[in-house]
Amino acid sequence: MTTRLSRRALPAAVAAAVLLTACTGGGGSTGADASGAAGFAAAEAAQSAPDPALRSFYGQKLAWAACKDAPRTEGVAPASVRCATLKVPLDYTDPSGATLDVGVARVGAAKPAQRTGSLVVNPGGPGNSGVDAVLGGQRDYDGPLRDHYDIVGFDPRATGRTVPLNCLDDKARDGWLTTDTPGPEHGKLLADACRAKYGPLLEHVGTRDTARDMDVLRAALGDRRLTYLGLSYGTYLGSVYAEEFPDRVGRLVLDGAIDPAKPIAETNIEQYAGFDRSLRAFAAHCARQSRCPFGKDQDKAAGRAADFLDGLKRKPLTTTDGRVLTSSAAWAGVMDALYGDEGGWDGLATAIGRAMEQGDGDYLLAYADSYNRRAEDGRYGAAADAYTAIYCADGATDVPTGDALRDAYTRMAARAPLISRHEPAATLFDPDCRSWPFRSPEKAHPIASKATTPIVVVGSTGDAATSYANAQQLVAQLGNAVLLTREGEGHTGYGHSACVRDAVGAFLVDGTVPAAGTRCASDRG
C-alpha cells in the first residue's frame, strides 16, 4: 500500500504552508543534550545509509528542546519531556531536492542508568499524531518500558506537526462528513480541494515514505536497530519498515493488525463485518439490562437500533446548538463507541436512547464528533484528510469495477447487512480514492520481510476494526513472527489487558518472545 513518482516543483505558497525547506549540508543541528555515544551511533548510521546521498539525513543530530503546550503528567519530570524536528527528503529518489520537517517528541527513560535505547510508537489512523500520543499518554508506558526506554513518537507525513493536510474549511467539512446524500461527487469534492491546496505533495505522503522517515529517525536517535510498538495502522507502518529494512528490525510489536495483502475494498468488507458483529453484541447486551431502548428481544435489538439510525435520513434531529444529527453522523458515533470494549456500551445505549425516546441528539452527535475529530470549538485537525491522503497514496486507488464491484456490494450486504445498508458506497469506498489526483503504483501485497529478529503480533478475538484473522494472516506473511492473542472486545490489545502489557514489556525489555499459542484475558471479564 507506495512508490515515489518524479518530484515536481511545489508552488511557493504550498511550500511555505507545509514547511518545506532546502536541504542543508549538515542535515540537522546538534542538540545540547546529545550524548557522545548517540553522536557516534548517528555518524556510524550515516555511513551505512541505504543511499550515500542520504548520509546527511542519517547523520543528523536532533536538537531537543522544551515542547510547546506539553501537558504536565504526575510522576513524569517535565525536564524529561522534549521535542525536536527531523529533517527528511520530500522525495527519496531526489535527496538533494526539497525537504520536510518531521515533528518528534520524547519522554526520557525514567531510570537513565538502565536505559537501553528508544521505543518508537505509532498510535494508528492513518492520521493520528505520534507526538500527541507520547505527550498525552506518558503514563501509558509506566513500568519496565519507561524505565528502560526513551518513549518516542513522531508525526507521519500529512499529520499533526508534519505537513498537516487541511483541504476543506471547518464549515465545509461539517457538511462533508455528515451528509446523508454523498452522491458520486462526494469524493471528488475532497480530492479537488486537496489537489488545489497541496498538489504534488500528495504523492509523497504514503506509508513507504514514512517508513523511510522512521529509519532516518532511528539513526538520529542513535539506535542500531528499531524498537517499535505500532497500533492498528501502525502495524502496517511497522510491516512496511520490516520489508524495507529487514536488517534494522529490532524488537517490533504490531498490535491490531492490518493485512497488507488485502485491497482496500476487501479490507472494508471485513472491517464492516466486524462492526456489524459488534453492533449485534452491543444490542444483545443492552437487551439483557433492566432497561433498553431496543427492547428485550436480543435477536431483534440490533435491527431496531439500525432501523432508528437509518430513519434519521428521513427525520434528522436538531441539537441544542442548532446542528443536525444525520443518519451518517449517528452511525459514525456508534462506530466510535464500538472501537472500545464493553465498558462503553451502557453509555452508547443511553446516547441512542435519548435520541430515540426524547429526540435529544446531543449525546450521539458528541460521539460522532469524537469519531470525526471535531473539537468543541468546531475546528478539525488534519486527521481526516491525512486518512484519505495516506490510504490513496498507499494504493487504495485500485478499486473494483464492473462485475467485481457488483460482487463486492453483494458480499458487503451479506456480511454487514445492518451497518452498511444506510450507504453501501460510503462503506465500500472508505476512503474514496476514485477521484484522487494521482494513481499510486503501490498495490496490496503480502509483506516479504527477511528480518531475522522475531516480531510479535497481537490480535484480539473481538476486535471490530482489525479482525483477529488479520493478525493470523500477518504472522504467516512475516514468517519470523509469533501471535499473542487477547480474548475480548475492543480495538487492539495493549490498552485492554494487563497480560498483554506484561508480555509486550517482557519482549521489548528482555527479548522474551511469548510462547506460541499464548492467550490473554481482557481486563474486563
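**Close-ups of a predicted model**

**View 1. Strand β4 and its partners in this predicted model.** A good place to start is A105, which sits opposite G153 in β6. That contact belongs to an antiparallel pairing of β4 with strand β6 (residues 149–154), built from four bridges. Strand β3 (residues 81–89) also runs antiparallel to β4, and nine bridges join the two. Here A84 is the residue facing V104 of β4.

**View 2. The two sides of β4 (residues 98–107).** In a regular strand, side chains alternate between the two faces of the sheet. In β4, A98, L100, V102, V104 and R106 point one way, while T99, D101, G103, A105 and V107 point the other. Ten of the ten residues in this strand are buried.

**View 3. A salt bridge between D147 and K111.** The side chains of these two meet at 3.7 Å, N to O. D147 belongs to helix α5 (residues 144–148) and K111 to the loop between β4 and β5 (117–122), so the pair ties together parts 36 residues apart in sequence. D147 is buried, at 17% relative accessible area, whereas K111 is partly exposed at 39%.

**View 4. R421 meets D310.** The closest N and O atoms of this salt bridge are 2.5 Å apart. R421 lies in the loop between α16 (402–415) and α17 (424–428) and D310 in helix α11 (residues 298–311), so this pair links parts that are 111 residues apart in sequence. R421 is partly exposed at 36% relative accessibility, but D310 is buried at 14%.

**View 5. A salt-bridge network.** R157, R208, D209, R212, D213, E243, E244 and E442 are linked together by salt bridges.

Note on methods. Residues numbered from 1 in each chain as written. Predicted model: local features only at pLDDT ≥ 70, side-chain atom pairs only at ≥ 80, totals over all residues. Heavy atoms only, no water. Buried < 20%, exposed > 50% of the residue type's maximum accessible area, 1.4 Å probe, protein only. Pairing = 2+ DSSP bridges. Salt bridge = Lys/Arg side-chain N within 4 Å of Asp/Glu carboxyl O.
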